[in-house]
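Me: Hi! Could you walk me through a few points of this structure, with the cut-offs as we go?

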Amino acid sequence: MEIIKGAESYRLEGTNKKAVLLIHGYTGTPDEMRPLGDYLNEQGYTVLCERLPGHGTNVEDLKNTTAKDWFLTVYKACEELLSEFEDVYVCGLSMGGLLAIKIAATMPVKKAAFLATPIFLPDKRVKFYPILKYFIKELPKSKKNYGEMMKYNHSYNVLPTKPLGSMFDLLEEVKSKLLKRITIPSIVFQSKVEHTVVPESAQYIYDHLGTTKKELHWLYNSGHIITLDKERPQVFAEIHRFFQE
């Protein structure tokens, strides 16, 4: 399967003997995490971001994958880093945040960051998914213009509905089981003005984390892909500060 140029996995070698696993979102690619990856690499971290199965190629490819496939990829990536580094951190955006929560709850990583991670979704059609999936194969998706940062946005223009069932299952697993299992320091970021994830999701995640070492940061001038938006410098700096402490 041909990979979209710019959508490839990447590993950036660092100098401080610490590593960060980055996880991109649903229909996205590793490139949406690249500005954060470059920033952390400049601070000395080795950074790994794998392209999730079905992403960065074509929509038909994504339709044949599930959350289990995506998690297996990040699980193996985490194992790779853990075999080389004593200090490994995980950071996920959107659906990648759900995968990062599962990693943080099940793998011996040191700290975690969850960016724009969904618990509640604004689309009222979600509750009708078990029926709609048979009639609607793709949902239109609006893309915010991130200006010069659009060069990092290689996401699909539609949301295939078939894999969403497995993503909803992952979301329920996060809500019912995984959040309370997380005992490592965790930091949560969420925009108050985005339209993909209900902002209360971040408060829910923060409130239900099993760790007492946690932070919640609200953004007021960012869309869903906060790694590409105007407040990214402060987000990157806060993540670095949190991982460094």
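Me: Which residues is His208 in contact with, leaving aside its neighbours within four places in sequence?
Reply: Happy to help! This is a predicted model, where local features need pLDDT of at least 70, side-chain atom pairs count only at pLDDT 80 or more, and totals for chains, interfaces and linings use all residues. Residues are numbered from 1 along each chain as its sequence is written, and side-chain values use heavy atoms, with hydrogens and water left out. Taking contact as heavy atoms within 4.5 Å, the partners of His208 are Leu179 and Lys180.

Me: Is His208 buried, partly exposed or exposed?
Reply: Buried means under 20% relative accessible area, exposed over 50%, and partly exposed in between (1.4 Å probe, protein chains only). The relative accessible area of His208 is 35%, so His208 is partly exposed.

Me: How far is the backbone oxygen of Tyr204 from a polar atom of the side chain of His208?
Reply: His208 sits in helix H7, residues 200-208; helices are DSSP runs (H or I, at least four residues), numbered from the N terminus. Between that backbone oxygen of Tyr204 and the His208 side-chain atom, the distance is 2.9 Å.

Me: Which helix gives the largest share of the largest nonpolar core?
Reply: A nonpolar core is a set of buried Ala, Val, Leu, Ile, Met, Phe, Trp, Tyr and Cys residues joined through side-chain atoms within 4.5 Å. The largest one has 47 residues, and Trp70, Val90, Leu99 and Phe114 have the most contacts inside it. Helices H3 (67-82) and H6 (164-178) are among the elements that each supply at least two residues of this core. The largest share, 8 residues, comes from H4.

Note on methods: Polar contact = N/O pair within 3.5 Å; in protein donor to acceptor, adjacent residues only side chain to side chain.
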